[in-house]
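Q: Hey, can you walk me through this one? I'd like to go through it bit by bit.

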Amino acid sequence: MSEQLQAARIPSLPDTAYYIPNFITPEEEERLIQKVYAVPRPRWTQLSRRRLQTWPSALSKTDTLLDAPLPSWLERPVVPRLQALGCFAAAPHRAPNHVLINEYEPGQGIMPHEDGPAYYPIVATVSLRAPIVLDIYEKRRLDNQPSSPGRDSEPNFRILQEPRSLLITTDRLYTDYLHGIAERTTDEDLSSDTICNWDLLGDREEYMQAKSYTRQTRVSLTYRDVLKVAKVGNSIKFLSAKR
Ligand SMILES: O=C(O)CCC(=O)C(=O)O
């Protein structure tokens, strides 16, 4: 693991999360945004509370990925930088082979969930366009609650993701915790007491005064390593895709 990654660990979280502000430049962000919105419309899956793109393709019912490269605009500059950090060094393919792109309008979000066993337990998220708060919930705590998980519960931790930042979640934080984004139009009560990566933020001043922001459209690129990969020769198995 690189020194840069060690310095980026969020110390108040269970093992392990890393936060790096300004992981990409404004020009790189702009290029990624242009590419995300230049895809043909059927590339988007409209979900009830967000839109999704899946690259290079959806996983099969058996959580298998058909072997194919990521498009070059998703590969560079992000993947070589992730490799330089060493964060995928122990993953089976030594690099991400799958990217989910989520778009959230103000008021949209994603229910607390886990990313599950299809992936090696590491997710690297690059945020574009606008900040958002990611809520972290301990699975065990939610299991002990009689009401529906997540919705009514306060998160255990809140991570503020600035535009152009990188967030990496792995280890026990990946396996024993859920993550979600509340369906809100503002994120409030932002301070060193409530935001666990406060000291690592690139621009604390921006949030220090107002302690809140109004949500704007935010796009996330989540880089993952799918464990099971099949060569094209076996493609018949993939006709009924899952995600
Ligand atoms: O948009 C994000 O930062 C989270 C996305 C997410 O949780 C997912 O795609 O599973």
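What follows is a chat about the sheet, the cores, the pockets and a few backbone details.

Q: What kind of model is this?
A: This is a predicted model, where local features need pLDDT of at least 70, side-chain atom pairs count only at pLDDT 80 or more, and totals for chains, interfaces and linings use all residues. Residues are numbered from 1 along each chain as its sequence is written, and side-chain values use heavy atoms, with hydrogens and water left out.

Q: OK, the sheet. In what order do the strands go?
A: The order is β1-β10-β7-β14-β5-β3-β2, an open sheet of 7 strands with antiparallel pairing. Strands here are DSSP E runs of at least two residues, helices are H or I runs of at least four, and both are numbered from the N terminus. Two strands pair if DSSP finds at least two bridges between them.

Q: And what holds paired strands together in general?
A: Strands of a sheet pair through backbone hydrogen bonds.

Q: Which strands stand at the edges?
A: β1 and β2 do; each has a single partner strand, so one side of each has no neighbour in the sheet.

Q: How many bridges do β7 and β10 share?
A: They pair over 5 bridges, in the antiparallel sense. Ala124, for instance, has Ile168 in β10 as its bridge partner.

Q: Thr125 is in β7. Is Thr125 buried or exposed?
A: Buried, with a relative accessible area of 10%. Buried means under 20%, exposed means over 50%, and partly exposed is in between, using a 1.4 Å probe and protein chains only. Leaving out residues up to four places away in sequence, Thr125 touches several residues, including Gln161, Leu167 and Leu221. A contact means heavy atoms within 4.5 Å.

Q: Leu221, hm. Which residues touch the most other members of the largest nonpolar core?
A: Leu221 and Tyr223, in a core of 34 residues. Among the elements giving two or more residues to this core are α2 (26–38), β5, β7 and β14. A second, separate core has 23 residues, including Leu134 and Ile136. A nonpolar core is a set of buried Ala, Val, Leu, Ile, Met, Phe, Trp, Tyr and Cys residues joined through side-chain atoms within 4.5 Å.

Q: New topic: how much space is in the largest pocket?
A: About 410 Å³. It has 24 lining residues, and those closest to its centre are Asp135, Tyr137, Pro155, Ala182 and Arg184. β6 gives the most to the lining, with 3 residues. A pocket is an open set of points on a 1 Å grid over the protein atoms alone, where a 1.4 Å probe fits, with protein on both sides within 12 Å along at least five of seven lines; lining residues have an atom within 4 Å of a point. Points are joined across faces, edges and corners, and the volume is the space filled by probe spheres set on them.

Q: And what's the volume of the second largest pocket?
A: About 340 Å³. Its lining has 26 residues, with His113, Asp115, His179, Thr222 and Arg224 nearest the centre.

Q: Last one: where are the cis peptide bonds you'd point out?
A: One runs from Asp15 to Thr16, with omega near -5°, and another from Arg76 to Pro77, with omega near 10°. Most peptide bonds are trans. Pro77 lies in the loop between α3 and α4.

Q: What about phi of Arg129?
A: Phi of Arg129 is near 80°, a positive value in a residue other than glycine. Arg129 sits in the loop between β7 and β8 and is partly exposed at 41% relative accessibility.
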